[in-house]
Every structure is written in C-alpha cells, then in structure tokens.
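Visitor: I would like to learn how to read the features of a model like this one. Please take me through them in turn.

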Amino acid sequence: MPRRGVKDLADTINTVNARIGNTENFWEYRSFKERGFDIIPQIHLGEKASALERAGIHTARGDINRDIIARNAVIDATRAAYEEAKEGLKAVASVPASIGKAIKNEIINMIREVAKRNHDRLSLPILSGKYLRLISNRSEMQDRASMEQFVADIGVTTFEELKAFKKEREAAFDKIGGERVAIRERMAYLEGLLRVYKEYEPYIKNHKEQWELKGWARKTYERKHMVELSYYDLYRNKLKSMITEPDKKITAGAWRKELASLEKALEKNSEPYVEVVTDLASV
C-alpha cells in the first residue's frame, strides 16, 4: 500500500476509535526511526516458527526476537535514567571557571578545548563502542556541561585516575552483566519447561484415572482414552528430556515460584546495570 494510503488508513481507524470511546488503542503508521525511537524492531516469525515457539521449541527467528527484546529493555532503562539525569542537569550551565582554575583538571580542560572547536559540543569518535552502543540518547554524551559535571561527580582530575575509574567500573559491569546473563538463561529454561508442562497438564487426570481402575475396567478405559494417554506419555517424556536436574522431577509449582523470584532479581539488578553502563559510556 502506498505510504499516503497507510497514513489515511491509520487516521481513519484512530478517528473511529475516538468516536466510540476506544482511546487505549492508537494506530501508528510511522516507523520507530521516524518517531525518534532508538529501539530495534522485531522480525516476522512466520507461521512455521510461530507454531514451533508455541509448542515450546526454540527457533532461530525466535532467538533473534528474544535477543532484540533484551536489548530494547536495556535501551528503555537507559533512556529513562538519562531523562532523569537531564532534569537534574538543567540547573547546571557549566562547571564554574573558578573551579577549573583552582584545581588543575586535565580532563575538563580537554573537554573545553574540544567543545570550543565544535560549537560547544563534544565529538563521539566511537559510535559503536562496547558501552556507547548501549546508550539510546547519545546526544547527551555530546553536551559539554553534562560531561564536565560527570567528571566532577566521579572526582577525577587526571587521565590516569579516569583509567583507574574505568577499570573499576568494567569489573562491576562484568559482574552485573554475568549475573544478568545467568538469570536470563535460567528464566528461559524455566519458561520452556512451563510451556511444555501447560501442554502436558490436561492429560495428567487421564493417567491418574487409568491407574485408579483395575482389570477389565482399566483395559476398557485405556482403549477409550488411547489418544489422551499417548499425549500424556509424549509430553512427560519431552519434559523429562528437557529437565537438567539429576532427579528429573516434574515440579511445576517450584518452577513458577523460582521464575517469579528470578524476575524480581532481574528487576532489582537493572538499576545498577544502567548506572554502570552510563558511567562507562561517559568515560
């Protein structure tokens, strides 16, 4: 459909929704890039991959989307942190010149020299750096006053001190990042088990009813519920093959409880992760 047609369609749908009081759903025809969102769009799974994912089987396309979702979560959290920091920096026009004179700070001197040649803005020479690429609002890194304030806040005056600060923050990044990867991997494992358990659960009652009967009654029940009992065996065997714990026990309740605990741990871990990423990007 031509772009004008897409816009007209979105406008028509939004107008109708407004008339009937449906204000929660808003159709947007512009791309993320056009709307100024520095986030990554997910790829189309397709019918076959969607069916496999619903059955608890990971696909290459599904893995790509899971990675995109994780990256976008970091982008969103970092953006929120920077918006908060931006409000705090409104009152800071610049670090007073008297401070620069009273305390020799070679980093601030360099920032001012670079900004002087670039219309009071800083340059970003490494646009795809390890930490800088995790920051959505890179323009904040080009603001002279913001970066001077950052140097003042961390209390360094020489490049040797800045190098030591970076080393300390990199160690923190590796620790927090490693914890986040381990949490996400465990969460993905538990989510996979629970997806298959959801398919398995309806047939547990058939298995239970089967073994509550004896003799001819059991045989009659087994013939009548052959399909259900086959699915019970199928999903049970699949679950057993997925469980990495040595005892191979199927404990859905414990899985759900652990998953909820991991979600809280990941949320708690987000704030220090955003802080360390912001520090390293600023360095």
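Guide: What follows goes through confidence, salt bridges, aromatic pairs, a helix contact and a surface patch.

Visitor: Where should I start, and what is the pLDDT of the protein on average?

Guide: Start with confidence, since this is a predicted model. The average pLDDT is 83, and 80% of the residues score at least 70. Residues 97–102 fall below 50, and this stretch has two contacts in the model beyond near neighbours in sequence.

Visitor: Next, salt bridges. How many salt bridges are found in the whole structure?

Guide: The search finds 13 salt bridges. Take Arg66 and Asp63, whose closest N and O atoms are 2.9 Å apart. Both residues belong to helix α3 (residues 60–89), three residues apart, about one turn of the helix.

Visitor: Why does Arg66 count as partly exposed?

Guide: Arg66 counts as partly exposed because its relative accessibility is 29%, and the class runs from 20% to 50%. Asp63 is partly exposed as well, with a relative accessible area of 39%.

Visitor: Which residue does Lys116 meet in a salt bridge?

Guide: Lys116 meets Glu113, at 3.1 Å from N to O. The two lie in helix α5 (residues 106–116), again three residues apart and about one turn of the helix. Lys116 has 61% relative accessibility and so counts as exposed, whereas Glu113, at 36%, counts as partly exposed.

Visitor: And the salt bridge of Glu148 with Arg144: are these residues buried or exposed?

Guide: Both Glu148 and Arg144 are buried. Their closest N and O atoms are 3.1 Å apart. Because they are four residues apart in helix α6 (residues 144–154), about one helical turn separates them. Through shared partners, salt bridges join Arg112, Asp120, Arg144 and Glu148 into one network.

Visitor: How do I read a pair of aromatic rings?

Guide: Look at the distance of the centres and the angle of the planes. In this structure the count comes to eight aromatic pairs. One of them, Phe150 with Phe165, is edge-to-face, with 6.3 Å centre to centre and 70° between the planes. This pair links distant parts of the chain, with Phe150 in helix α6 and Phe165 in helix α7, 15 residues apart. Phe150 counts as buried at 12% relative accessibility, and Phe165 counts as buried at 15%.

Visitor: What is the angle between the planes of Tyr203 and Tyr235?

Guide: The angle is 10°, and the pair is stacked, with 6.3 Å centre to centre. Tyr235 is in helix α10, and 32 residues separate the two partners along the chain. Tyr235 has 17% relative accessibility and therefore counts as buried. Elsewhere, ring pairs link Tyr131, Phe173 and Tyr273 into a cluster.

Visitor: How do I read contacts between residues distant in sequence? Which residues does Met187 contact, leaving aside its neighbours within four places in sequence?

Guide: Met187 is in contact with Leu259, Leu262, Glu263 and Leu266, once those neighbours are left aside. Met187 and Ala260 are 73 residues apart in sequence but 9.1 Å apart in space, C-alpha to C-alpha. Met187 lies in helix α7 (residues 159–200) and is buried, with a relative accessible area of 11%.

Visitor: Last, the surface. Which residues form a nonpolar patch there?

Guide: Val227, Tyr231 and Leu234 form the patch, with about 280 Å² of accessible area together. Tyr231 sits in helix α10 (residues 226–242) and is partly exposed, at a relative accessible area of 35%.

Terms used. Residues numbered from 1 in each chain as written. Predicted model: local features only at pLDDT ≥ 70, side-chain atom pairs only at ≥ 80, totals over all residues. Heavy atoms only, no water. pLDDT = per-residue confidence, 0-100. Contact = heavy atoms within 4.5 Å. Patch = residues over 30% accessible without salt bridge, like charges linked within 9 Å, V, L, I, M, F, W, Y side chains within 5 Å. Areas by Shrake-Rupley, 256 points an atom, 1.4 Å probe, with all protein chains shown as cover. Salt bridge = Lys/Arg side-chain N within 4 Å of Asp/Glu carboxyl O. Buried < 20%, exposed > 50% of the residue type's maximum accessible area, 1.4 Å probe, protein only. Phe/Tyr/Trp six-rings, centres within 6.5 Å; stacked < 30°, edge-to-face > 60°.
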